[in-house]
Amino acid sequence: YSNQQWAGTFGGPLKKDRAHFFVNYEYEREPGTFVYRSTGPTAYFNRDLSGTRREKKGTMRLDFQFSGRTRLMIRANNWHNDIPFDQDAGGAGATFAPSSAVFSDRYSDQVNLDLTMVLTNKTVNEIKVAHSGQHWARHSIISDWVGGPRTFAGPVLPGSGVPNISFSGYSLGTPTNIPQRIGQDVYD
């Protein structure tokens, strides 16, 4: 088992008592081998597939104090996770051929802006603007075996048209729920 993690933070004033910043970044790298082993006639398909899961997280925040009564905060977050052989989508083992392996790309981002103004001793005006997005894409690794990797930009998604052939206790080809591209963007 191997897993490497790095993280760092940095922050401080841009202008004393007026503007501050903060950033952080985290990175995780986890190489792995996925074993596809069966017996009998399906042993022909036995393979070990190796890949590296990578996860990246970052945050940035800026704070501005324009006056004793007016402040602005801007914050952005990003998370990205590449999973070369996603066990949640169909796993390795004795009942699946390596062609059932699935690559997953998951990411999310958020941006928040908050403007606060103290109008009187009894009145505060606050304006908030936000975006939150979560996206996920899965495709069959078969597209990487035949003709090289492809992207989701074209009219044909990777893995499209590749049949799934299921026998009693064994499955060849892509999972039936692949390809997937799911996303959501929310604005407030």
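Both Glu55 and Arg53 are buried. In this predicted model, the two residues also pair with each other: the side chains of Arg53 and Glu55 meet in a salt bridge, at 2.9 Å from N to O.

Glu55 has a further partner. Lys57 forms a salt bridge with Glu55, and the closest N and O atoms of this pair lie 3.6 Å apart. Is Lys57 buried or partly exposed? Lys57 has a relative accessible area of 33%, and it is partly exposed because this value falls between the limits of 20% and 50%. Glu55 has a relative accessibility of 13%, which is under 20%, so Glu55 counts as buried. The bridge between Lys57 and Glu55 therefore joins a partly exposed residue to a buried one.

These residues belong to a wider set of contacts. Salt bridges link Glu28, Glu30, Arg53, Glu55 and Lys57 in a network.

Another pair is formed by Arg61 and Asp63, whose side chains meet in a salt bridge at 2.8 Å, N to O. Arg61 is partly exposed, with 32% relative accessible area, and Asp63 is partly exposed too, with 25%.

How many salt bridges does the count come to? The count comes to five. Three of the pairs described above are listed here, with their N to O distances.

| Salt bridge | N to O distance |
|---|---|
| Arg53 and Glu55 | 2.9 Å |
| Lys57 and Glu55 | 3.6 Å |
| Arg61 and Asp63 | 2.8 Å |

Note on methods: Residues are numbered from 1 along each chain as its sequence is written. This is a predicted model: local features need pLDDT of at least 70, side-chain atom pairs count only at pLDDT 80 or more; totals for chains, interfaces and linings use all residues. Side-chain values use heavy atoms; hydrogens and water are left out. A salt bridge is a side-chain nitrogen of Lys or Arg within 4 Å of a carboxyl oxygen of Asp or Glu. Buried means under 20% relative accessible area, exposed over 50%, partly exposed in between (1.4 Å probe, protein chains only).
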